[in-house]
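Q: Please take a close look at one part of this molecule and explain how that part is built into its surroundings. A connected account for a reader at the bench would be preferred to a list.
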Amino acid sequence: MTVSSATETAAWTGASAILFDLDGVLTPTATVHEQAWQELFEGYLASQPQVPGYTESDYFDHIDGKPRFDGVRDFLASRGIVLPEGPLDDDPANVTVQGLGNRKNIIFNDIVSAGVEPFEGSVHFLQAVLERGLKVAVVSSSRNAPAVLKAAGLSHHFAVVVDGVVAAREGLPGKPSPATYDYAAHLLELPSGECVVVEDAVSGVQAGQAGSFHSVIGVDRGAGRQTLLDAGATLVVNDLQELLP
């Protein structure tokens, strides 16, 4: 454990709702996203021999937790590359921001189609939260959140899912803005101050910290405990099971 049991429990007791990020918090699909991004950019950069290659740190430095097309833009910017935007439904074969983002989505869905096993500790925590009568929602930058929840057998728990599709429809800026989390609280008919944000990505923790939420619980799936604390996490755990008394 990273902090005392009393502190862990206090971080969410007294709240009325838990707002979960999906990839890396409820399901191990963050690693699938990481794999898909690596495959995408290694393929793209193979045609750019003068540009530094893709490294493992690029995912956490430029992509993790952000809306898909923001991840494309920010990674390319790290290499000094500017590409045409292209239409939202651009052909995945096209070398545009939208084309590359759509190509990444195909790679991701090909991997996820085999099924998704949620984190056991996260399922235990979710069950405890529901047994105590708290409301829950998923807030994910991914446009694939409903499909991932269904593949993981968790969709029946979440009447409120604010994903990349909802954010685009409602004109909500992505993380690190708190807008998507605030919108989830609104759909739950609760003030943000009664909602706990649970995140594994730096941009997601920053989103929680930027809002007026009850607390921000970081889950260290690779970003680093101190990094998440520096981003504004109230506390950091390695597994959500640690939040149970």
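A: The account below begins with strand 1 and its sheet, and then turns to the core, the helices, the enclosed spaces and the loops around them.

The model is a predicted one. Its open sheet contains six strands in the order 3-2-1-4-5-6, and the pairing is parallel. The two edges are formed by strand 3 (161–162) and strand 6 (235–237), each of which pairs on one side only. Strand 1, by contrast, stands between strand 2 and strand 4 in the order of the sheet.

Strand 1 covers residues 17–20 and is joined to strand 2 (residues 135–139) in the parallel sense through four bridges. On this side of strand 1, Ile18 has Val136 as its bridge partner, and Phe20 has Val138. The pairing of strand 1 with strand 4 is likewise parallel and also extends over four bridges. There, the bridge partner of Ile18 is Val196. Ile18 thus has a bridge partner in strand 2 and another in strand 4. As a general matter, the strands of a sheet pair through backbone hydrogen bonds, in either a parallel or an antiparallel arrangement.

Are the residues of strand 1 buried or exposed? Ala17 and Leu19 on one side, and Ile18 and Phe20 on the other, are all buried, and both faces of the strand are covered. In soluble globular proteins, nonpolar side chains tend to be buried together.

The largest nonpolar core has 55 residues, and Phe20 of strand 1 is, together with Trp12, the member that touches the most other members. Helix 2 (residues 29–45) supplies the largest share of this core, with eight residues. A separate, second core is made up of 27 residues, among them Val139, Ala167, Tyr183 and Val236. Trp12 deserves attention in its own right. Leaving aside residues up to four places away in sequence, Trp12 touches Ile18, Phe125, Val129, Arg132, Leu134, Val196, His214, Ile217, Leu243 and Leu244. Two residues of that list, Ile18 and Val196, are also bridge partners across strand 1 and strand 4.

Further along the sheet, strand 4 (195–199) and strand 5 (215–219) are both crossed by helix 10 (202–210), which runs at about 160° to strand 4. Within helix 10, the residues Ser203, Gly204, Val205, Ala207 and Gly208 are buried. The buried residues of this helix pack against strand 4 and strand 5, and also against helix 9 (179–187) and helix 11 (225–231).

The enclosed spaces come next. The structure holds one cavity of 30 Å³ or more, and the space in the largest cavity amounts to about 220 Å³. Its lining consists of 20 residues, and those nearest its centre are Asp23, His33, Gly65, Lys66 and Ser141. Helix 2 gives the most to this lining, with three residues, and helix 3 (56–63) supplies at least two. Helix 2 is therefore both the source of the largest share of the 55-residue core and the leading contributor to the cavity lining.

The largest pocket has a volume of about 290 Å³. Its lining also counts 20 residues, with Pro67, Asp70, Arg143, Gly164 and Ala168 nearest the centre. Helix 4 (68–78) and helix 8 (164–170) are the elements that give two or more residues to this lining. The greatest contribution, four residues, is that of helix 4.

The loop between helix 8 and helix 9 contains Pro173 and Pro176. Pro173 touches Ala179 and Thr180, residues up to four places away in sequence not being counted. Its C-alpha atom is separated by 10.0 Å from that of Ser141, which is 32 residues away along the chain. With a relative accessibility of 44%, Pro173 counts as partly exposed, because that class lies between 20% and 50%. The peptide bond from Lys175 to Pro176 is cis, with omega near 20°.

Glu189 belongs to the loop between helix 9 and strand 4. This residue, which is not a glycine, has a positive phi near 60°. Most residues other than glycine have a negative phi, and most peptide bonds are trans. Glu189 has a relative accessible area of 69% and is therefore classed as exposed, the cut-off being over 50%.

How values were computed: Residues numbered from 1 in each chain as written. Predicted model: local features only at pLDDT ≥ 70, side-chain atom pairs only at ≥ 80, totals over all residues. Heavy atoms only, no water. Pairing = 2+ DSSP bridges. Contact = heavy atoms within 4.5 Å. Axes fitted to C-alpha atoms, helices over the stretch in contact; angles between N-to-C directions. Buried < 20%, exposed > 50% of the residue type's maximum accessible area, 1.4 Å probe, protein only. Core = buried A, V, L, I, M, F, W, Y, C linked by side-chain atoms within 4.5 Å. 1 Å grid on protein atoms, 1.4 Å probe; cavity = no way out; pocket = protein on both sides within 12 Å on 5 of 7 lines; lining within 4 Å. Points joined across faces, edges and corners; volume = space filled by probe spheres on them.
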